[in-house]
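Student: I'm new to this one and would like a close look at a single part of it. Could you walk me through it slowly?

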Amino acid sequence: MVSNQLKNQHLLWRAGFGPSAEGLNQLSLLTPIDLYAAIKKASSKKPDYLDATDDYFKGLVKGIVEEGKRIQMDKEGLKMLQQKSKEQIKNLNLMWLDEMVYSNAQLREKMAFFWHGHFASRNLNVYFQQNLLDTIRQHALGNFRDMLHEVSKSAAMLFFLNAAQNIKAHPNENFAREVMELFTLGRGNYTESDVKEAARAFTGWGANVKGDFVFRKNFHDNGTKTVLGVKANLSGEDVLDILLEQKQTAVYITQKIYRFFVNDNIDQTKVEWLAERFYKSNYEIGQLMDDIFTADWFYEEKNIGSRIKSPIELLAGIRRMLPMELQNEESQLLLQRLLGQVLFVPPNVAGWPGGKTWIDSSTLMFRLRLPQLINDDDHLNIQPKDDDDLMMGNSGNLQPASKGKPVEVKIDWNIYTKNFAAVPKEKLMESLSGSLLQLKPAFNDATIRNYTDSGNRESFIKSATIQIMSTPEYQLC
């Protein structure tokens with residue numbers, strides 16, 4: 001039988017980024033229903049806009065934009081602007097990661113993290129990225145219909161999917177195809193004709209240099225189109241609504257959410273039940289998550305510890321469990337590269353595939369070493385792949401210090417260790433494993449004790465914690 005504490009740990013990992021050291025002792029006192037109610041309430045407030053741009057960059061942008069028109073700049077000026085924007089995107093990365101770690105609105109940020117992968121976009125313009133992030137955070141637990149419409153009109157997505165090239169004379173099918181294949185219906189649930197006709201409906205969509213949506217009516221095709229059996233003079237908004245009218249959209253979104261929050265192996269019966277309710281609610285995301293997190297089957301043993309933590313989940317989870325002050329925050333960008341997931345830099349419009357793709361021979365070894373690196377006991381000698389296209393030109397700014405440590409932190413161990421103050425010495429290992437792992441470990445206590453500092457109780461807790469975090473079992477949630 002699964003204990004309340006384990007159920008609650010499971011919930012905190014799936015509806016957030018894991019337990020925090022501050023609340024660890026409360027996990028056995030709450031029922032999962034009560035804990036979920038508290039998590040949901042904490043995420044009910046609208047998020048503040050994350051602005052990662054500094055005054056210098058804002059002044060630079062203001063100086064080259066007049067009434068929405070770009071002033072002519074020389075090649076060096078444009079290069080400097082792009083470089084500054086890349087730096088601000090890195091700031092946005094770290095700012096959002098901090099929200100994942102410190103915010104009480106764990107469910108909202110976890111949902112936004114899911115949508116960040118669903119509506120994947122790479123863009124060099126920090127303002128476009130900030131606005132898209134704000135859209136998915138504002139709507140993370142709201143209405144999918146509203147979010148789809150807003151994301152589809154965001155400058156980040158429009159420029160990423162070549163909307164500027166989609167004009168009446170020469171329709172560009174990129175956005176129309178991706179909105180069907182990746183954002184709504186899923187592959188195989190539309191025809192090539194549907195894509196071509198939808199592309200005509202989206203002609204004229206674009207954005208200005210400020211990131212505001214612009215409809216260029218002179219470039220729009222006003223002719224009759226036929227999309228999924230609907231024949232009319234369709235607009236882009238009409239097409240989005242037609243896609244939402246298909247129950248397949250609810251099924252497709254529910255399948256992705258089930259894989260992300262429950263189990264990579266889909267239970268089709270449960271997905272169909274969830275999708276039917278999601279569709280009938282007019283795509284209310286919050287209700288769908290209620291149906292998942294309050295279901296008895298969510299807490300079945302087969303769903304606990306069944307997912308491999310994504311790199312961001314792994315990093316945020318360690319920081320939540322071990323309160324720390326980072327001396328070099330930018331080192332987290334390098335860690336993200338080495339682990340295979342950099343916020344705002346998805347590999348393509350399909351986002352990160354997740355699951356077993358997170359693990360290969362090099363990433364697994366680095367994952368197992370990560371707690372040692374953070375605890376100042378190991379050195380980094382791994383060179384990340386030099387994929388400058390993937391890193392949008394940031395690779396030169398994120399080279400590892402091969403002779404030093406990538407992360408310089410000061411862990412506030414007192415906040416963590418006090419959770420085990422009342423635990424008898426002979427029960428410490430069991431208590432530590434129970435707080436850190438979702439699965440019964442394959443290792444025995446003696447294996448961990450061989451690598452711990454038993455000089456005193458505090459040293460033992462610290463060293464045993466790092467060793468447990470360095471096991472394969474800690475990679476699962």
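Student: Here is what I'd like to zoom in on: what covers the buried residues of H10?

Tutor: Happy to. Bear in mind that this is a predicted model. The cover over the buried residues of H10 includes two helices, H9 (174-181) and H11 (236-245), along with two strands, E3 (205-207) and E5 (225-227).

Now for H10 itself. The helix runs over residues 192-201, and seven of its ten residues are buried, so H10 is largely enclosed by the rest of the structure. Here "buried" means under 20% relative accessible area. The buried ones are Asp194, Val195, Glu197, Ala198, Ala199, Arg200 and Ala201.

Let's follow two of those covering pieces outward. Start with H11, which spans 236-245 and is part of the cover over H10. His149 sits in another helix, H7 (residues 144-152). Setting aside neighbours within four places in sequence, His149 is in contact with Glu237, Leu240, Asp241 and Leu244. His149 has a relative accessible area of 18%, so it counts as buried.

Next, take E5, the strand at 225-227 that also helps cover H10. Leu228 is in the loop between E5 and strand E6 (230-232). Its backbone has a feature to look for: phi of Leu228 is near 50°, a positive value in a residue that isn't glycine. With 24% relative accessibility, Leu228 counts as partly exposed.

Tyr283 makes a handy companion to Leu228. Phi of Tyr283 is near 70°, again a positive value in a residue other than glycine. You'll find Tyr283 in the loop between helix H13 (268-280) and H14. At 1% relative accessibility, Tyr283 is buried.

If you carry on past H14, which covers 285-293, you come to a loop that leads to helix H15 (311-321), and Gly305 lies in that loop. Asn303 is found in the loop between H14 and H15 too. Asn303 is buried at 2% relative accessibility, and Gly305 is buried at 8%.

What do these two touch? Leaving out residues up to four places away in sequence, Asn303 touches His10, Arg14, Val262, Asn263, Trp297 and Phe298. With one of these there is a polar contact: the side chains of Asn303 and Asn263 are joined at 3.1 Å. Gly305, with the same kind of neighbours left out, touches Arg14, Gln438, Leu439, Leu476 and Cys477. Arg14 turns up on both lists. As for Cys477, its C-alpha is 9.1 Å from that of Asn303, though the two are 174 residues apart in sequence. By contrast, Gly305 and Asn25 are 280 residues apart in sequence, and their C-alpha atoms are 21 Å apart in space.

Asn25 gives us a way over to Asn419. Not counting residues up to four places away in sequence, Asn419 touches Ala21, Leu24 and Asn25. The side chain of Asn419 also reaches the backbone oxygen of Ala21, at 3.0 Å. Asn419 belongs to the loop between helix H18 (413-417) and helix H19 (428-436), and it is buried with a relative accessible area of 10%.

One more stop, this time back inside a helix. Leu133 is in helix H6 (residues 126-138) and is buried, with a relative accessible area of 2%. Leaving aside neighbours within four places in sequence, Leu133 is in contact with Leu50, Leu92, Trp96 and Phe344. From Leu133 to Trp115 is 18 residues in sequence and 9.2 Å in space, C-alpha to C-alpha.

Finally, let's step back to the whole chain that H10 belongs to. The chain has 21 helices and eight strands. Of its 477 residues, 54% count as buried. Among contacts between residues at least 6 apart in sequence, 73% join residues at least 24 apart. Why does the radius of gyration fit a compact globule? A compact globule of 477 residues would be near 23 Å, and the chain has 24 Å, which agrees. Along the principal axes, the C-alpha atoms fill a box of roughly 80 × 55 × 40 Å.

As for the surface, the chain exposes about 21,100 Å², with carbon and sulfur atoms supplying 49% of that. There are 57 positive and 59 negative side chains, and the centres of those two sets lie 1 Å apart. So, back to your question: H10 is largely enclosed by the rest of the structure, with H9, E3, E5 and H11 among the pieces that cover its buried residues.

Note on methods:
Residues are numbered from 1 along each chain as its sequence is written. Side-chain values use heavy atoms; hydrogens and water are left out. Helices (H or I, at least four residues) and strands (E, at least two) are DSSP runs, numbered from the N terminus. Buried means under 20% relative accessible area, exposed over 50%, partly exposed in between (1.4 Å probe, protein chains only). Contact means heavy atoms within 4.5 Å. A polar contact is a pair of N or O atoms within 3.5 Å; within protein, one must be able to donate a hydrogen and the other to accept it, and residues adjacent in sequence count only if both atoms are side-chain atoms. The radius of gyration is taken over C-alpha atoms; the globule rule is 2.2 Å times the number of residues to the power 0.38. Accessible areas come from the Shrake-Rupley method with a 1.4 Å probe; for residues, only the protein chains shown count as cover. Lys and Arg count as positive and Asp and Glu as negative; His and the chain ends are not counted. The place of a charge is taken as NZ of Lys, CZ of Arg, CG of Asp or CD of Glu.
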